[in-house]
Every structure is written in structure tokens, then in C-alpha cells.
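The following exercises ask the reader to locate residues, classify their exposure and relate two chains. Each task is followed by a solution in steps.

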Number of protein chains: 2
Amino acid sequence: MKLLEDRIRRDGKIRENGTILKVDSFLNHQMDVALFNQMGKEFFRLFGGEGVTKLLTVEASGIAVACIAGQYFDVPVIFAKKSKTKNIDGGVYTAPVESFTHGGVYNVMVAKEFLQPGDRVLLIDDFLANGAALEGLISIVAQAGGEVVGAGVCIEKAFQPGGERLREKGFRIEALARISSMSETGIEFC
Amino acid sequence: MKLLEDRIRRDGKIRENGTILKVDSFLNHQMDVALFNQMGKEFFRLFGGEGVTKLLTVEASGIAVACIAGQYFDVPVIFAKKSKTKNIDGGVYTAPVESFTHGGVYNVMVAKEFLQPGDRVLLIDDFLANGAALEGLISIVAQAGGEVVGAGVCIEKAFQPGGERLREKGFRIEALARISSMSETGIEFC
């Protein structure tokens, strides 16, 4: 999606020897809602024919884009909650997620009442890198007996293994901007 | 806002002897985006004439309503990040917030680059009870030299002291549903 690629080129900041892309001026701290609207519309163009019954994301920075996209799909939007608690009551589906950014493992959880067998779930997130968060969400949908119709992510770091691994497993992963390489001097898209 | 009051009556669940209101089927876990749109429109009706330059909320459950409202205001939406870290670099404004729900104190923080003197900031959140989160956001806007034009919250527990204390300090606080009392047998609005 050229609009997003141009914005990343203009306002993204590359840090830590090309390992970190900061997009907090428009995506995950300050948010450009007009841009989100274009992204939501694009997710609907890509997945609108899939009979999606729920959108599922994970807190916190996936919530905004999922909600804006939800306006086009006209279905409920669920955000999985993060918790470091191991004691979780029986009313939730839960999956462990390894955090590469912050280290350690956290749980994502969704109350059982919000996912049913037969649900056709589109996953939404802002970033795809190692794919750990999406795999957690995929596990949750499977536990509920639902089906993942795919995942729509804003930015994929295609030089990290998550996207490839998920596509090899047969999931349809659509990223609006796929970064093939980045360094202090510039950024390349696939 | 009758639409929201009716929804709380229908789908809200009161727990723990009338102290907890669960609205996670439509507001802060599963989200009814069409309802959020009506709430966003109402916040714009209330504050649209105030020359708002930024919307500010706090992760996670404030993000959705702030983003949807942001479409009407057509201004950037910022979410303050929560952190338990005490070591915060110099690039952020930060304020401590006491959590009554989870216990303990966390920090909310906003990167300095996103708030400037002259900004007219509307605070948005899903719940107002003790007012601790809003006071943290008010502190952050003050640190930046901006002005808080008011706060729009979805649900105020008016039997808890936050709203009254903030209004006494001169802040314009608009809640779309103000609960005067609740118990296992029912819920009353102001």
C-alpha cells in the first residue's frame, strides 16, 4: 500500500543499528486516524469476501486499526488481553506468547463467550515480525473451534521469519507494507 | 446517552456485590464499533466547538473509542502508554496513576514530541470512577504546556468521587452514561 510505505519512509525512524523501526508518530503512540481509515478500507478490500464474522487483535496497539477496520466489516471486534498471570479462570481461552521486544512470555486471553465454533475470524495487528502474537491468536481461535480466514497486518518485517512461517502453514497473511531490509541509511520494501 | 444506557442495562453484568460493572461484551473486550461510532459522534457534538487539536487517552481500552471519535474531530489521537518501569528516559512526560482495580501504581507516559504548548487536548476514556487515570493525563498535558478542554468518558460511576473532584477543579467532564447506583438487582442512571 503506497500510502503506508510513503508514510513509513517519511516519518519512520530506524534505531538500534537497523533492528528497530519506530512509527510512533502515526501508528502506535500518536495515531493518524485518516491513515487508519485507508488501511481499514484496504483490509476490507482484501478480506471482505471471506464471510468474516469477527475481527480479533491483541492489546494495545492493534486495537485502533482493528476498530477502524471493523467499521467496514460491520462485525464485532475483540481484543485479546495480555496478562502475565498464570492463574486464569476457566472462562477464557489463553495462549502463551513470547515477546521478542520486551523479553519473557505473556499470555493472551479471550473470554470464551466471544468466540464460537463456526466463527470466521480475521486477525488484525500493527506489526508482524516473529509472528508470535499472531500464533497466539491462531491458537485461541482453534481452541474455540473457529476458523482463521487470514491476518491483516499493517507492517511486516519480511526479513524476520514470522510471515514466511505462517504462510507455509497455509495462512493467508496480507501486509500493507512489507519491509525487505532497513538500516540507518534507508528502508526497502518488497 | 440513551443508546448507551439501554445497552448497559441490557448487556452489563454487575459483580462483586455491586462494585464491578462488566461491559466486556460491547465496550472493553468485545467492542461494538457501531455503538462506538455513535459515542464518537456525541463527543464531537459536545466538544466539537472547543478547537480541539489532539485527543488523548490511555491504553488499552480507551484506544478504541478515542480512535473512532478521532474520525469526527479530524485531529491526531494519542494513547498514553502504561509502564511499571521507573527508569524513563528524558523524552517523555510521565505521571503516576494509582490503580484501584488492579492495585499498585503505574506510570502513564507520552513522548514529548506529541504534545506542545498551545495544544487544546480532549481526554477520552471508557470509564471514570476514582479519576486517577484522567488526573494522570491532566498532569501530562500540563507538563507539556497544553490545555485540557475537557474529558469525554463513556461510563461514569457517579457514586465514586472522581468525576465530582475533577468538576470541582473546573474541568468539563462529560459522561455519556452516569451511573448513580448499581447492585445485583439493577442499575440506576443520574
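**Exercise 1: a residue in a loop**

Lys169(B) lies in the loop between helix H5 (162-168) and strand S10 (173-183) of chain B; helices (H or I, at least four residues) and strands (E, at least two) are DSSP runs, numbered from the N terminus. The model is predicted: local features need pLDDT of at least 70, side-chain atom pairs count only at pLDDT 80 or more, and totals for chains, interfaces and linings use all residues. Residues are numbered from 1 along each chain as its sequence is written, chains are lettered from A and ligands numbered from 1 in the order in which they are written, and side-chain values use heavy atoms, with hydrogens and water left out.

Task: Decide whether Lys169(B) is buried or exposed.

Solution.
1. Buried means under 20% relative accessible area, exposed over 50%, and partly exposed in between (1.4 Å probe, protein chains only).
2. Lys169(B) has 52% relative accessibility and therefore counts as exposed.

**Exercise 2: a second loop**

Task: State where Gly104(B) is found and which residues it touches.

Solution.
1. Gly104(B) belongs to the loop between strand S6 (92-98) and strand S7 (105-111) of chain B.
2. With a relative accessible area of 48%, Gly104(B) is partly exposed.
3. Not counting residues up to four places away in sequence, Gly104(B) touches Val97(B), Glu98(B) and Ser99(B), where contact means heavy atoms within 4.5 Å.

**Exercise 3: two chains**

Task: Determine what turn lays chain B on chain A.

Solution.
1. Copies are superposed by least squares on the C-alpha atoms of residues with pLDDT of at least 70 in both.
2. A turn of 180 degrees and a shift of 0.0 Å along the axis lay chain B on chain A with an RMSD of 0.0 Å.
3. This is the relation of a two-fold axis.
4. The same surface serves both copies, as 100% of the contact residues of chain B recur in chain A.
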